[in-house]
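Hi,

Here is the structure I said I would pass on. Have a look at it first, and then read on for what turned up.

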Amino acid sequence: MEINRRDFMKLLGGSLAGLALGGAAGTMIKLPGSMEKVLYSGPRIESWKLTACTKCPGGCSLKVRLIDNFPIQVSGNPISPVNMGGICSMGLASIAGLYHPSRLTGPVKKENGKFIPISYDEAYKILSDELNKIISEKKQDDVFLIAQTESRLRAGMFKKFSKETGFKNLILDNFGMNSNSAYNKISVEAPDFIDFDKCDYILNFGSQMIENSINPLYYTRKLIEHRSKGFKITSIQPKLTPGITKSDNWIPLLPVSYASLAMGIAYILLKDEKYDKSYVDKYFSGFSEFKQYVLDNFYPDKVEELTGVPSDKILQTGREFEDASAPAAYFDEAVLYNSNGTYNALAIIALNALKGFKGFAAIKENFLSSLLENEKEPAETISFVKLKDQLTGNKPVQVLIISGSNFVFNNPGQDALKKQLSSIPFVVSFSSFVDETSTFAHLIIPDHDDFEKIDLLSDESMGIPVITAQQPVVSPFYNTIDTCDILISLMKDLKPGIKLSFQNYADYIKQAAQKIYSGHEGILLDQEKPTVIEKGLQKIGWNTEQYTNFDDYWDGLWGAGGWWNPFASKESYNAKIDFKETFTEGSFLSKSPINPLKNKKLHLNIYKKNLDYKGSMSIYAVLVEQFGSRWSLFYQLWAEINPDTAAGLSATDRSKVILRTNNGKFPAVLIYNPTVMPGNIDVPFGLGHTLIGDNSGINPLAYSDDLFDKQSGLASFSETPVEILTVSQGSSLSDSQVITNEKELIETKIRSIYA
Ligand code: SF4
């Protein structure tokens with residue numbers, strides 16, 4: 001049953017409809033026909049359920065309002081320590097996925113280039129036969145799995161599947177994994193969290209902490225608190241975004257040059273002899289070589305040339321960092337999205353090591369490792385590079401298994417990637433939609449929507465372990481299945497005799513809850529914190545818990561929305577760092593400094609819009625308008641340019657232009673923005689879906705050079721040269737005129753903006 005916009009507005013009030021006002025016409029939601037009668041005629045019974053938001057790694061607890069069991073409105077769970085009743089626009093619109101008009105209603109297989117519906121049994125047989133064939137031919141190395149999930153228990157299930165079946169090429173693409181990849185490279189445990197209570201200065205490299213991070217709503221509260229104590233935040237990134245405006249200082253720099261700036265700041269610390277000598281002696285192998293290299297190569301004038309940051313600013317920032325008693329140089333996956341990404345992160349880690357890592361901490365007796373017990377010998381995960389290498393090399397990829405990732409949309413080099421995907425003999429996807437990636441599948445077995453799933457989302461980024469309970473808010477609308485249940489069935493079929501302690505994913509979750517219960521630590525979200533006397537009694541073996549058995553606890557978990565341990569002990573983070581192994585001459589230098597002052601080229605700087613780190617916001621009709629709200633420009637791509645750069649090119653504000661890269665031309669509306677780094681053309685990422693949503697705008701990655709970090713496999717979002725072509729009235733892409741690169745960019749004029 002399809003419902004158009006008018007019906008939709010009539011039937012569903014509340015926040016979802018509010019966001020849809022003025023939205024695109026056409027079908028807004030889809031529901032199984034069997035639900036039609038109840039939807040139109042009632043009896044209009046209201047109920048509420050708690051679940052979790054999975055739209056970003058934050059894991060906020062949600063309160064869902066249902067009428068006749070139809071979820072119609074979402075708000076934040078006020079007792080959750082993560083979001084304390086808060087919610088962002090993505091969370092607010094999270095029920096849109098359940099009703100999305102493009103949702104697949106059951107498994108499909110491709111025949112003569114078209115998807116045709118099949119039963120689940122047939123779909124499962126096709127999949128297990130293919131994988132059995134691969135195993136009997138001993139070709140497991142030619143199978144790749146790509147999974148995008150922010151749930152650590154789900155990621156754990158993928159690892160278990162990979163280990164048990166011998167399909168070792170597992171690519172886990174999630175925020176935490178990506179952010180920690182640089183630490184893994186130097187065989188160092190990443191810190192569990194940033195300890196805001198112990199940190200008196202934050203030098204933030206590129207992270208959108210309050211918009212697009214591991215825990216946006218918690219970070220928002222903590223950063224406000226941090227600043228109210230008089231502590232400073234300096235943020236460094238090419239673009240001034242709404243999140244960065246909450247900092248005390250913003251330092252714009254040229255894309256790909258984070259590593260050089262971090263080394264420039266290290267230079268100040270080393271020159272002033274204001275680093276933590278005892279820490280360095282103890283934990284920093286290869287320090288003297290490192291010191292010499294930094295002093296030889298990263299003096300302020302040189303770093304100014306590499307980064308575009310004036311040398312006096314570098315000096316000032318270095319002095320602030322060295323004078324703080326517990327500074328943290330913070331970064332997350334944001335700095336990794338260029339060809340120098342891993343070295344950006346390594347340089348920032350090195351900068352922290354010079355000050356003894358006081359701003360970071362770990363949780364004592366890591367709670368998650370006990371929860372993920374079956375990961376004691378975790379399967380190794382690999383990066384996207386290995387898949388790319390195998391796709392372009394002589395060794396074939398026989399099977400590709402895709403879960404939750406739309407990597408064709410999220411990567412450059414799309415034409416080549418599409419061609420390579422078309423040549424894989426068997427591709428299976430668990431996507432809920434036919435999207436830009438799953439369209440290459442031979443078989444799609446759609447996953448449940450998040451509102452139909454069970455999970456426990458675990459998080460330690462607040463310095464305490466928190467579990468947000470994700471309970472199914474509705475029974476599955478369609479013939480879909482939880483992907484982890486397919487993995488469990490496959491493990492049993494592909495490895496006869498395997499002993500699994502769980503029958504299905506719900507069982508697995510219940511066992512995880514049992515581990516928390518038997519740990520006798522922490523409390524359900526709605527419980528009173530134990531008194532000192534109760535804590536004392538607990539220590540000598542008394543049971544002071546407010547539930548009598550596991551069944552009570554299990555029910556309470558869903559009724560409260562989760563569990564936390566406000567008493568978890570923290571410990572300081574003293575990672576031992578060995579740079580001898582990884583330190584190579586020149587590795588911290590920007591490989592291709594993007595300096596418009598030198599080469600007079602513009603660069604396409606693709607930035608992630610707040611909260612849309614995977615580019616999926618615009619597939620929801622209720623969010624597509626939010627996308628362009630800052631510029632009141634909807635359903636089309638815009639390109640932000642520094643007015644001084646634009647003046648040199650005779651390009652006027654709000655003019656329609658054509659942008660040209662080595663990979664083609666595309667239209668955009670030019671927007672003057674004085675906070676754009678001179679020489680950059682900043683365009684948002686997330687528009688331009690071609691197979692899902694209303695196809696608004698353009699995906700700039702489709703026109704980007706295929707550059708990526710060879711270590712992490714993450715794509716470069718900021719190194720593609722671009723030109724602006726004029727478009728006169730009535731002209732087309734083919735007769736537009738080049739106006740970029742013909743005028744001189746005047747250095748002093750550009751610099752004056754940042755003085
Ligand atoms: S911050 Fe993240 S988890 Fe919280 S509501 Fe927004 S998208 Fe969902």
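Below are my notes on the ligand site, the two sheets and the helix packing.

One thing to keep in mind throughout: this is a predicted model.

**Around the ligand**

Let's start with the ligand. Its shell is made up of 14 residues. Cys53, Cys56, Cys60, Cys88 and Gly91 are the closest of them, so if you want to find the site in the viewer, go to those five. Two helices, α4 (89–92) and α8 (216–228), each put at least two residues into the shell. As for its chemistry, nine of the shell residues are nonpolar, four are polar and one is charged.

**The sheets**

There is an open sheet of seven strands, and its pairing is mixed. Reading across, the order is β7-β6-β19-β18-β17-β8-β9. The edges are β7 (114–117) and β9 (169–172); each has a single partner strand, so one side of each has no neighbour in the sheet. Further in, β17 (residues 399–403) and β18 (residues 426–429) run parallel and are joined by four bridges. If you want a landmark for that pair, Ile401 sits opposite Val428 in β18.

An open sheet of three strands, ordered β3-β4-β5, has antiparallel pairing. Here β3 (46–52) and β5 (70–76) are the edge strands, and each has a single partner, so one side of each is left without a neighbour in the sheet. From one strand to the next, the twist averages 30°. Between β3 and β4 (residues 61–67), which run antiparallel, there are seven bridges. In that pairing, Thr51 stands opposite Leu62 in β4.

**Helix packing**

Helix α9 (residues 258–271) is worth a look, with two packing partners to go through. What angle does α9 make with helix α13 (residues 311–323)? The two axes cross at roughly 60° and come within 8 Å. The cut-off for roughly parallel is an angle under 35 degrees, and roughly perpendicular begins at 65, so α9 and α13 count as oblique to each other. Their crossing is right-handed. On the α9 side the contact uses Gly264, Ile265, Ile268 and Leu269; the α13 side brings Ile314, Leu315, Thr317, Gly318, Arg319, Phe321 and Glu322. By class, that contact has six nonpolar, three polar and two charged residues.

The other partner is helix α14 (residues 341–354), whose axis also comes within 8 Å of that of α9, with a crossing of roughly 20°. The two are therefore roughly parallel, and α9 passes α14 in a left-handed crossing. From α9, the contact takes in Tyr258, Ala259, Ala262, Met263, Ile265, Ala266 and Leu269. Facing them from α14 are Tyr343, Asn344, Ala347, Ile348, Ala350, Leu351 and Leu354. What kinds of residue make up the contact of α9 with α14? There are 13 nonpolar residues and one polar, with no charged ones. Ile265 and Leu269 of α9 turn up in the contact with α13 and again in the contact with α14.

Finally, helix α6 (residues 152–165) packs on helix α18 (residues 483–494) at an angle of about 20°, and their axes are 10 Å apart. That makes the two helices roughly parallel, and their crossing is left-handed. Here Arg154, Met157, Phe158, Phe161, Glu164 and Thr165 of α6 meet Cys484, Leu487, Leu490, Met491 and Leu494 of α18. The contact divides into eight nonpolar residues, one polar and two charged.

That's the lot from me. Over to you!

Cheers

How values were computed:
Residues numbered from 1 in each chain as written. Predicted model: local features only at pLDDT ≥ 70, side-chain atom pairs only at ≥ 80, totals over all residues. Near = placed C-beta within 6 Å. Nonpolar A, V, L, I, M, F, W, Y, C, P; charged D, E, K, R; others polar. Pairing = 2+ DSSP bridges. Axes fitted to C-alpha atoms, helices over the stretch in contact; angles between N-to-C directions. Parallel < 35°, antiparallel > 145°, perpendicular 65-115°, else oblique. Left-handed = near helix turned anticlockwise from the far one by under 90°. Contact = placed C-beta atoms within 7 Å.
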